[in-house]
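Open the structure in your viewer and keep the selection tool at hand. The tour goes stop by stop.

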Amino acid sequence: MNAAATDQAPPAGPAAATGQAAPADRTWTLDDLDPYAAGCPSRRLLDRIGDRWTVLVVGTLGGGPRRFSEIRRAVDGVSQKMLTQTLRGLERDGLVTRTVYAEVPPRVEYDLTPAGRTLQEPLRALERWAVEHFGGVADAQRGYDEQHEPTPDAA
């Protein structure tokens, strides 16, 4: 299959030093993309969708459009800064739309795009896995920590 995907070229030069994406757009084919390759731009997308705040924001928006304050209340523990960054990143990636209504005061709502909706099922599966396997993982962590405790110096 040789479907096209678009993404910006990996950062290079001064843009990389500032953390900004390179300005030149490029069309990528599925044959060009290999997330196991160090320079593959699909890694940035994996970073986005694997982020805990993204998982929780997409889950929250699964019920329909929400205002910023509603999302923040639903995603307990997210700071205003992290929620803003997450929503901007999701909007930039075409996974969330931001709609400003011409009202006084202005009303802003966020909603999943069709592409964002396709993330719901896989991210719900991650949520279920985390809940179902938390006990076993917590037990493994305790066991590991007990075996790898620093030993006091016998001085």
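The stops below cover two helix packings and then the aromatic rings. Keep in mind that this is a predicted model.

**Stop 1: H3 and H5**

Select residues 80–92, which form helix H5, and add residues 52–61, which form helix H3. The axes of H3 and H5 are 10 Å apart, and the packing angle is about 75 degrees. Angles of 65 to 115 degrees count as roughly perpendicular, so H3 and H5 are roughly perpendicular to each other. Now show the side chains where they meet: Trp 53, Thr 54 and Val 57 on H3, and Met 82, Leu 83, Thr 86, Leu 87 and Leu 90 on H5. Of the residues in this contact between H3 and H5, 6 are nonpolar, 2 are polar and none is charged.

**Stop 2: H3 and H7**

Keep H3 selected and add helix H7, residues 120–147. These two helices pack at about 120 degrees, with 10 Å between their axes. That angle makes H3 oblique to H7. The crossing of H3 past H7 is left-handed. Which residues make the contact? From H3, select Thr 54, Val 55, Val 58 and Gly 59; from H7, select Gln 120, Leu 123 and Glu 127. The contact of H3 with H7 has 3 nonpolar, 3 polar and 1 charged residues.

**Stop 3: the rings**

Select Tyr 101 and Arg 107. Arg 107 sits over the face of the Tyr 101 ring, 3.9 Å from the ring centre. How many aromatic pairs are there to look for? The count is 0.

Key
Residues numbered from 1 in each chain as written. Predicted model: local features only at pLDDT ≥ 70, side-chain atom pairs only at ≥ 80, totals over all residues. Heavy atoms only, no water. Axes fitted to C-alpha atoms, helices over the stretch in contact; angles between N-to-C directions. Helix = DSSP H or I, 4+ residues; strand = E, 2+ residues; numbered from the N terminus. Parallel < 35°, antiparallel > 145°, perpendicular 65-115°, else oblique. Left-handed = near helix turned anticlockwise from the far one by under 90°. Contact = heavy atoms within 4.5 Å. Nonpolar A, V, L, I, M, F, W, Y, C, P; charged D, E, K, R; others polar. Phe/Tyr/Trp six-rings, centres within 6.5 Å; stacked < 30°, edge-to-face > 60°. Lys NZ or Arg CZ within 6 Å of the ring centre and 35° of its normal.
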